[in-house]
Amino acid sequence: MEYEIARHRLVNLLSRDIHDPKTLAAISKISRELFVPPELRHLAYKDEPLPIGQNQTISQPYIVALMTEKLSLTGTEKVLEIGTGSGYQTAILAELAREVHSTERIPDLTEKAAKLLHTLGYKNVFIHAAQEDLGWQPAAPYEAIITTAAAPDVPPILLEQLAIGGRMIIPVGGRWEQQLLKITKTVNGIHTENLGGCRFVSLIGKGAWETQP
Ligand code: SAH
C-alpha cells in the first residue's frame with residue numbers, strides 16, 4: 001500500500017513532462033521496488049537512478065519514461081534492449097510491445113533479471129547473455145531498439161538490426177555525459193533527433209568502450 005501511494009505520486013510527477021498515457025500506465029503498473037536491492041526499496045519511487053550492484057544502475061524513472069515514450073510503441077513491435085540491468089525497463093517494454101529481446105553482459109544481472117521477469121509472468125520477454133557483437137542478431141530486424149548504456153558513437157551494427165521505419169533511442173557521447181538521441185531509419189537514410197543531455201553507464205564491447213571507466 002505504501003509503495004502504491006509512492007508510485008502514484010511518482011506517476012503524477014512524471015506526467016508533467018511525459019504525456020503518453022500508455023507509458024504512464026506501465027509505470028503505474030510495475031512495482032519498481034522489486035527491481036532494486038532490498039536495502040534500497042524505500043528509495044524505489046524517488047525519481048533517481050539507484051545502484052543495482054556490479055557498478056551498474058537502474059535508470060531514473062523519468063529517463064525510463066522518456067525513452068519509452070519516444071519509441072512510440074503501439075503493441076505490435078518486436079523490441080531490442082541492450083543492457084537488461086535490473087530488468088525494469090524490460091518490464092515496461094513488455095507491457096507496451098509484442099515481443100522484447102534484451103541483452104546483458106554481466107551474468108549475475110542477466111540471471112537475476114530473467115528470474116524476476118519470469119516470476120512476474122512475462123511470456124513475451126527473452127533475456128540473452130550478450131554476445132561479442134552488440135545486440136541480438138537472431139531476432140532482427142526490430143521496429144524499436146533501446147540502448148540503456150552509453151556509446152561513443154551510434155554503433156553501425158545496431159543500425160543494421162533496426163527495421164526500415166524503426167526507431168532507436170541511444171545515449172551517445174563521452175564517459176560521463178551524453179546526449180540522448182532518437183534515430184529513425186527510413187528508406188532515404190537515417191534521421192537523428194537530440195532529446196537532450198543525460199548520464200548513463202558505459203556500453204562495453206566491440207563497437208563501444210573497451211572497458212569500464
Ligand atoms: N535498463 C536497465 C539499466 C541498466 S544499466 C535497468 O532498467 O535496470 C546498463 C546495463 O548495460 C548494465 O547492466 C551493463 O552491464 C549493460 N551493458 C553494458 N554493455 C553491454 C553490452 N555490450 N551488451 C549488453 N549489455 C551491456
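Visitor: By class, how many nonpolar, polar and charged residues does the shell around the ligand have?
Guide: In this predicted model, the shell around the ligand has 11 nonpolar residues, 10 polar ones and 3 charged ones.

Visitor: Which residues are the closest to the ligand?
Guide: The ligand is surrounded by 24 residues, and the closest are Thr 57, Gly 83, Ser 86, Glu 104 and Ile 204.

Visitor: And which helices and strands each supply at least two residues of that shell?
Guide: Three strands and one helix do so: β2 (56-58), β3 (78-82), β4 (99-104) and α4 (88-96). Strand β2 gives the most, with 3 residues.

Visitor: Back to Glu 104. How many Å is its side chain from an oxygen atom of the ligand?
Guide: An N or O atom in the side chain of Glu 104 is 2.6 Å from an oxygen atom of the ligand. The side chain of Glu 81 has an N or O atom 3.1 Å from a nitrogen atom of the ligand. For Gln 89, a backbone N or O atom lies 3.4 Å from an oxygen atom of the ligand.

Visitor: How much of the ligand's accessible area does the protein cover?
Guide: On its own the ligand has 580 Å² of accessible area, and the protein covers 98% of that. The space that the ligand takes is the largest pocket.

Visitor: New topic: how many aromatic pairs does the structure hold?
Guide: The structure holds 2 aromatic pairs. One of them joins Tyr 3 and Tyr 45, whose ring centres are 6.3 Å apart. The planes of these two rings are at 55 degrees, so the pair is tilted.

Visitor: Which parts does that pair tie together?
Guide: Tyr 3 lies in helix α1 (residues 2-14), while Tyr 45 lies in the loop between α2 (21-29) and β1 (50-53), so the pair ties together parts that are 42 residues apart in sequence.

Visitor: What about the backbone: where is the cis peptide bond?
Guide: The cis peptide bond joins Ala 140 and Pro 141, with omega about 5 degrees. Pro 141 is placed in the loop between β5 (125-129) and β6 (142-147).

Visitor: And what is phi of Gln 54?
Guide: Phi of Gln 54 is near 60 degrees, which is a positive value in a residue other than glycine. Gln 54 is found in the loop between β1 and β2.

Terms used
Residues are numbered from 1 along each chain as its sequence is written. This is a predicted model: local features need pLDDT of at least 70, side-chain atom pairs count only at pLDDT 80 or more; totals for chains, interfaces and linings use all residues. Side-chain values use heavy atoms; hydrogens and water are left out. A residue is near a molecule or strand if one of its heavy atoms lies within 4 Å of it. A polar contact is a pair of N or O atoms within 3.5 Å; within protein, one must be able to donate a hydrogen and the other to accept it, and residues adjacent in sequence count only if both atoms are side-chain atoms. Accessible areas come from the Shrake-Rupley method with a 1.4 Å probe; for residues, only the protein chains shown count as cover. On a 1 Å grid over the protein atoms alone, a cavity is a set of points where a 1.4 Å probe fits but cannot get out, and a pocket is an open set with protein on both sides within 12 Å along at least five of seven lines; lining residues have an atom within 4 Å of a point. A molecule sits in a cavity or pocket if more than half of its atoms lie within 2 Å of its grid points. Helices (H or I, at least four residues) and strands (E, at least two) are DSSP runs, numbered from the N terminus. Ala, Val, Leu, Ile, Met, Phe, Trp, Tyr, Cys and Pro count as nonpolar, Asp, Glu, Lys and Arg as charged, and the others, Gly among them, as polar. Rings of Phe, Tyr and Trp (its six-membered ring) pair if their centres lie within 6.5 Å; planes under 30 degrees apart count as stacked, over 60 as edge-to-face and the rest as tilted.
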